[in-house]
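Trainee: I am new to this structure and would like to learn how its descriptions are reached. Could you walk me through the reasoning?

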Amino acid sequence: MVDVLLLSRLQFAANISFHILFPSITIALGWFLFYFKLRFNLSGHPVWMRIYRFWVKIFALTFALGVVTGITMSFQFGTNWPGFMATVGNIAGPLLGYEVLTAFFLEATFLGIMLFGINRVPPWVHTLATLIVAVGTTLSAFWIISLNSWMHTPAGFEMRDGVAYAVDWWAIVFNPSMPYRLTHVLLASGLTAAFLIAGISAYRIKRGDDKKAPKLALKSAIFVAAILMPMQILVGDQHGLNTLEHQPQKVAAMEAAWETQQGLPLVLFAVPDEKERTNHLEVAIPNGASLILTHELHGEVKGLNEFEGKHPPVAPVFYAFRIMLATGMLMLMIAWLVSITILRGKELSKPLLNSLMIMTFSGWVATIAGWYVTEIGRQPYLVSGILKTADAVTTIPSGNVLFSLIGYLLVYAILLTAYIKTLFRMARNSVLIEEIKLEERVTQKDFKLNVETQTTEQKNS
């Protein structure tokens, strides 16, 4: 029978991998919706309302799946990881509670106004509800990332009889890695939502949707991506420096650096061999890693042999980090190429539209890869220096965990397939909707006009 520790880790990894897909969209998509609503309020042009109405439905669907998967994930603290709450529950419990009280209830309450109150409340109330939901999604990320960061760089606590007690909540919430990690996650969400909007809009255009809405949505999203990607690179650099200071063993695993070196080469590709503690088929740039990590050509970087028995598994961290970087570089290239094409006033070619369609869920790839680097890179600890993963795992039979793991995977596969199919079906249906004529402009004085009530035409055979 497979070890209960491995099965529990696989189950939590499956849960968090599936759950993070949806908050990675909604955190930033809420702000996109607020922007679309403001543009409508300021211009009165119905095209912005049409964009808003299309994407608010996707936001609601994504938010619902995020809630459901988040609840099942939280159950595992009790079923699979009882030692976690027993040891650090005095800190984890309040932070999770703050997330529910200040963020989840806020989002859930005002989402109803966003969806059903558009013609039932004054325009400013509806716009305010959209803003509050966007703030709520960001607050949710704030509290979750605060707890997760504390697990990496714990601060503001003391241990009494093997249990962590809070002594400084400010130090706990704003622990050493939290600002870098939060900024990194928020920018990642912005890029994930931007490429989702651009990809779905490109799909609509490719299918013959010649209306203004998909073109404006694509333009808005790709410009945001073109701006955010360089910012993400800069933040990632600072986050790396912070990680090098507080978790050097994680950085060593990311670079597959076995020996402490001055002028550490940047390994582009290799096959790490943890048994022999070496790399095979290594392709590297001399001094590259030291320059990036220490900003000095001959800066010293500690190797994995300095942390033998206390470093994470090397191969998954090494490969996940490179997948994240490669995806990010591809996002940067496509965002800039499409942006330049739009700024020159040229129509997007089929290859560019196809590229955007292929990159629709590229944010998911980069986010999950980055999350694996972060979470696997913390091993063998669940809370760095305090609680080892093996010491927190459940004692229930491994067969029970295996059964629930299989169930989770089957349900997640069905839900993910249905979610993606629904998005593209919504996009196909939107192609049939007529563009609102300019004469039908909706002003704030005439807000009662239902801009959604439009005639539909059959698709040309």
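Mentor: Happy to! This is a predicted model. Let's start with helix H9, where Pro248, Gln249, Lys250, Val251, Ala252, Ala253, Met254 and Glu255 are buried.

Trainee: What makes H9 largely enclosed by the rest of the structure?

Mentor: A residue counts as buried when its relative accessible area is under 20%. In H9, which covers residues 248-255, 8 of the 8 residues meet that cut-off, so the helix is largely enclosed by the rest of the structure. Just after H9, alanine 256 has a positive phi of about 50°.

Trainee: Why are H9 and H11 called roughly perpendicular to each other?

Mentor: The helices H9 and H11 (residues 314-343) pack at an angle of about 70°, and their axes are 7 Å apart. Angles of 65 to 115 degrees count as roughly perpendicular. The angle falls in that range, so H9 and H11 are roughly perpendicular. On the H9 side the contact is made by Lys250, Ala253, Met254 and Glu255, and on the H11 side by Val314, Val317, Phe318, Phe321 and Arg322. Sorted by class, this contact has 6 nonpolar, no polar and 3 charged residues.

Trainee: And what makes H5 and H7 oblique to each other?

Mentor: Here the axes of H5 (residues 123-152) and H7 (residues 178-206) cross at roughly 135° and come within 9 Å. Over 145 degrees would be roughly antiparallel, and 65 to 115 roughly perpendicular. An angle of roughly 135° fits neither class, so H5 and H7 are oblique. Their crossing is right-handed.

Trainee: Which residues of H5 and H7 meet?

Mentor: H5 brings Thr138, Ala141, Phe142, Ile145, Ser146, Asn148, Ser149 and His152, while H7 brings Met178, Arg181, Leu182, Val185 and Leu186. By class, that contact has 7 nonpolar, 5 polar and 1 charged residues.

Trainee: How do you know that H7 is mostly covered?

Mentor: Of the 29 residues in H7, 21 are buried. From its first C-alpha to its last, H7 reaches 41 Å, close to the 42 Å expected at 1.5 Å a residue. Just after H7, glycine 208 takes a positive phi of about 100°.

Trainee: Last one: why is tyrosine 35 called partly exposed?

Mentor: Tyrosine 35, in helix H2 (residues 23-43), has a relative accessible area of 33%. Buried needs under 20% and exposed needs over 50%, so tyrosine 35 lies in between and is partly exposed. Leaving aside residues up to four places away in sequence, tyrosine 35 touches Trp48 and Ser220. Tyrosine 35 and serine 220 are 185 residues apart in sequence, with their C-alpha atoms 9.6 Å apart in space.

Definitions and conventions
Residues numbered from 1 in each chain as written. Predicted model: local features only at pLDDT ≥ 70, side-chain atom pairs only at ≥ 80, totals over all residues. Heavy atoms only, no water. Axes fitted to C-alpha atoms, helices over the stretch in contact; angles between N-to-C directions. Helix = DSSP H or I, 4+ residues; strand = E, 2+ residues; numbered from the N terminus. Parallel < 35°, antiparallel > 145°, perpendicular 65-115°, else oblique. Left-handed = near helix turned anticlockwise from the far one by under 90°. Contact = heavy atoms within 4.5 Å. Nonpolar A, V, L, I, M, F, W, Y, C, P; charged D, E, K, R; others polar. Expected span 1.5 Å × (residues − 1). Buried < 20%, exposed > 50% of the residue type's maximum accessible area, 1.4 Å probe, protein only.
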